[in-house]
Amino acid sequence: MTTLTGQQVDGAAPTGWANLGGVLVTRFATPDFATGLALVDAIGALADEADHHPDVDLRYTHVDVALTSHDAGGLTARDVDLARRVTEAAATQGLSPDDAGVSRVELALDSPDHARVQPFWRSFLAYEPRQGFDDEVRDPAGAQPPVWFQRSGSDEPRQRWHLDVWVPPSQVQPRIDAAVAAGGTVDDSTAPSFWVLTDPEGNRSCLCTWQDRD
């Protein structure tokens with residue numbers, strides 16, 4: 001299937017679902033395990049019917065759902081359609097999707113020679129290469145954050161590890177405000193694709209969204 005652009009996903013996805021770097025994510029707040037389990041059962045039935053494979057995380061207070069088309073390498077109409085159907089099924093239980101608290105974390109390692117270090121980290125973490133990408137490895141179970149390797153010059157100052165945190169666009173400013181109030185600084189020169197936040201000791205991480213730079 002053809003992957004959708006960020007703009008296409010934003011225009012078609014149900015309210016309360018967020019595109020976090022090619023994964024459509026939401027959270028349903030639930031009053032107890034029984035309600036959450038009933039929702040998980042409903043999602044499972046819809047997934048089987050659609051021959052799709054969402055990631056579903058059941059907790060006492062909520063159910064998180066993540067959709068992506070692994071065979072297409074991104075989001076497709078199939079994901080948006082299942083998000084709609086899950087939203088409709090949840091509504092029958094009085095539940096609504098909410099993207100306010102969702103995020104997706106990636107780890108990035110600055111390296112002048114990622115081909116040299118990637119095999120070590122792949123072995124150490126028991127990860128697998130991401131299909132079609134030579135600079136990223138992923139947990140085959142999808143339970144741990146992916147790791148990708150950011151090219152950097154061998155002589156330039158660099159921070160070895162940094163976090164890339166994917167959030168809905170509406171959540172960027174509150175996080176920036178909180179980080180700055182906590183002593184951090186922000187560089188918005190690459191916004192709205194990502195903002196570089198720096199802690200008081202100079203360690204950098206990024207807040208990322210699906211939006212492209214103008």
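Mentor: Let's start with a term: rings of Phe, Tyr and Trp count as a pair if their centres lie within 6.5 Å, and planes over 60 degrees apart make the pair edge-to-face. By that rule, this predicted model holds 6 aromatic pairs.

Trainee: Why is the pair of Phe 33 and Tyr 60 called edge-to-face?

Mentor: The ring centres of Phe 33 and Tyr 60 are 5.3 Å apart, with 75 degrees between the planes. The distance is within 6.5 Å and the angle is over 60 degrees, so both conditions are met. The pair also links distant parts of the chain, 27 residues apart: Phe 33 belongs to helix α2 (residues 33–50), while Tyr 60 is in the loop between β3 (55–58) and β4 (62–67).

Trainee: What makes Phe 33 partly exposed?

Mentor: Its relative accessible area is 45%. Buried would need under 20% and exposed over 50%, so Phe 33 falls in between. Tyr 60, at 48%, is partly exposed by the same test.

Trainee: What kind of aromatic pair do Trp 121 and Trp 161 form?

Mentor: An edge-to-face one, with 5.2 Å from centre to centre and 90 degrees between the planes. Trp 121 sits in helix α4 and Trp 161 in strand β10, so this pair ties together parts that are 40 residues apart in sequence. Trp 161 is partly exposed, at 31% relative accessibility.

Trainee: Which residues do ring pairs link into a cluster?

Mentor: Phe 120, Trp 121, Phe 124 and Trp 161.

Trainee: How do you know whether Phe 124 is buried or exposed?

Mentor: Phe 124, found in helix α4 (residues 114–125), has a relative accessible area of 57%. That is over 50%, so Phe 124 is exposed. Together with Phe 120 and Leu 125, Phe 124 forms a nonpolar surface patch with about 320 Å² of accessible area.

Trainee: What makes β7 and β11 edge strands?

Mentor: Picture the open sheet of 8 strands, in the order β7-β8-β9-β6-β10-β13-β12-β11, with mixed pairing. β7 (128–129) and β11 (185–187) each pair on one side only.

Trainee: How do you know that β10 and β13 are paired?

Mentor: Pairing takes at least two bridges; strand β10 (residues 161–166) and strand β13 (residues 204–208) have 3, so they qualify, and they run in the parallel sense. One contact to look for is Asp 164 with its bridge partner Cys 206 in β13.

Trainee: In which sense do β12 and β13 run?

Mentor: Antiparallel, with 5 bridges joining strand β12 (residues 194–198) to β13. Thr 198 has Arg 204 as its bridge partner in β13. Their hairpin has 5 residues between the strands, and Gly 202 there takes a positive phi near 95 degrees.

Trainee: How far apart are the C-alpha atoms of Thr 198 and Ala 179?

Mentor: They are separated by 8.7 Å, with their positions 19 residues apart along the chain. Ala 179 lies in helix α5 (residues 172–181).

Trainee: Where does UniProt place the "domain: Glyoxalase-like" feature?

Mentor: The unreviewed UniProt entry puts it at residues 107–208. That stretch is 22% helix and 33% strand, and its end C-alpha atoms are 12 Å apart.

Conventions. Residues numbered from 1 in each chain as written. Predicted model: local features only at pLDDT ≥ 70, side-chain atom pairs only at ≥ 80, totals over all residues. Heavy atoms only, no water. UniProt positions renumbered as here; feature names shortened; annotations may be inferred. Helix = DSSP H or I, 4+ residues; strand = E, 2+ residues; numbered from the N terminus. Patch = residues over 30% accessible without salt bridge, like charges linked within 9 Å, V, L, I, M, F, W, Y side chains within 5 Å. Areas by Shrake-Rupley, 256 points an atom, 1.4 Å probe, with all protein chains shown as cover. Salt bridge = Lys/Arg side-chain N within 4 Å of Asp/Glu carboxyl O. Buried < 20%, exposed > 50% of the residue type's maximum accessible area, 1.4 Å probe, protein only. Phe/Tyr/Trp six-rings, centres within 6.5 Å; stacked < 30°, edge-to-face > 60°.
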